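Dear colleague,

I am passing on the structure below for you to look at, and my notes on it follow directly underneath. Please read them with the coordinates open beside you.

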Amino acid sequence: MILINLLPHREIARKQRKDVFNVFLALSALVGGLLAGFAFLWIHSLTTDQQVRNQILTSEIKRFDAQIKDIAGLEAEIAALKARQQAVEDLQADRNMPVHLLTELVTQLPEGVYVNNMAQVGQVVTLRGVAQSNERVSELLRNLGGGSAWFTRPELVEIVAGTVTLAARDQRRVSNFTVRVKLVRASEAGKMAVAGAIKPALTASAAAVAK
């Protein structure tokens, strides 16, 4: 017996394939939406966590900035206190500077050199006087430069030839000079004295080792 299918099987098969395609398309869209939602939630969670960390870092930075400002203020106060302390110590040391000046000046003046005028501005002393010769002025500069711990950096400002009348017919040539020298403070003089004492000892030790 021969069976003949008179139903539109092609249309039915096409409809079935279309229905299957639509189901898979809907499932794909659903899966894509779920994946997009999960990705959005994950990225949003990461962004939120990073924002929280950024806020924590910002607050810590502000706290450290405040501490740095406090430390800078303390350092400035310490520096100001040290400057005041140094100023007080310098004032106390400078009270004895005129005594050291006069004592050392009498000691370091060579024979034949006379000081007529002396002026002090800060630590700089200007000496004006008369010497029997230019050699005497040179000796004075050497004494001021290396013979005393209370004087440093002597400078010859000017030297002018002149004459001095000792009697009616006795005139002698002299050298009128102006010398500028720096007066060393007590604290600096102590350091220079220690350095001056150590240097010969080191030289002697080196000479002994060389032998």
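**The largest pocket**

The residues that line the largest pocket are Y114, V130, A131, Q132, V164, L166, R172, R173 and V174. Please keep in mind throughout that this is a predicted model. The space in this pocket comes to about 170 Å³. Three elements, β2, β3 (151-167) and β4, each contribute at least two residues to the lining, and of the elements involved it is β4 that gives the most, with three residues.

**Overall architecture**

The chain contains four helices and four strands, and when these are read along the sequence they follow the pattern α-α-β-β-α-β-β-α. Of the 211 residues in the chain, 17% are buried. If one considers the contacts in the chain with a separation of 6 or more, 57% of them are between residues 24 or more positions apart.

**The nonpolar core**

The largest nonpolar core has 17 residues, and the members that touch the most other members are V125, L144, F151, F177 and L183. The elements that give two or more residues to this core are α2 (97-108), β2 (124-131), α3 (134-146) and β4 (170-183), so that β2 and β4, which also appear in the lining of the pocket, are found here again.

It may be worth centring the view on F151, whose contacts, leaving aside residues up to four places away in sequence, are L101, E104, L105, L144, V181, K182, L183 and V184. L144 and L183, which are among these contacts, are also listed with F151 among the core members that touch the most others.

**T126 in strand β2**

Is T126, which belongs to strand β2, buried or exposed? Its relative accessibility is 14%, and because the cut-off for a buried residue is under 20%, T126 counts as buried. Again leaving aside residues up to four places away in sequence, T126 touches N117, M118, A119, T178, V179 and R180; of the elements named above, β4 (170-183) spans the positions of T178, V179 and R180.

**Aromatic rings**

A search for aromatic pairs over the whole structure returns zero. There is, however, a charge placed over a ring to report, in that R63 lies over the face of F64, at 4.9 Å from the ring centre.

With best regards

Technical notes. Residues are numbered from 1 along each chain as its sequence is written. This is a predicted model: local features need pLDDT of at least 70, side-chain atom pairs count only at pLDDT 80 or more; totals for chains, interfaces and linings use all residues. Side-chain values use heavy atoms; hydrogens and water are left out. A nonpolar core is a set of buried Ala, Val, Leu, Ile, Met, Phe, Trp, Tyr and Cys residues joined through side-chain atoms within 4.5 Å. Buried means under 20% relative accessible area, exposed over 50%, partly exposed in between (1.4 Å probe, protein chains only). Contact means heavy atoms within 4.5 Å. Rings of Phe, Tyr and Trp (its six-membered ring) pair if their centres lie within 6.5 Å; planes under 30 degrees apart count as stacked, over 60 as edge-to-face and the rest as tilted. A charge sits over a ring if NZ of Lys or CZ of Arg is within 6 Å of the ring centre and within 35 degrees of the ring normal. On a 1 Å grid over the protein atoms alone, a cavity is a set of points where a 1.4 Å probe fits but cannot get out, and a pocket is an open set with protein on both sides within 12 Å along at least five of seven lines; lining residues have an atom within 4 Å of a point. Grid points are joined across faces, edges and corners, and a volume is the space filled by probe spheres set on the points.
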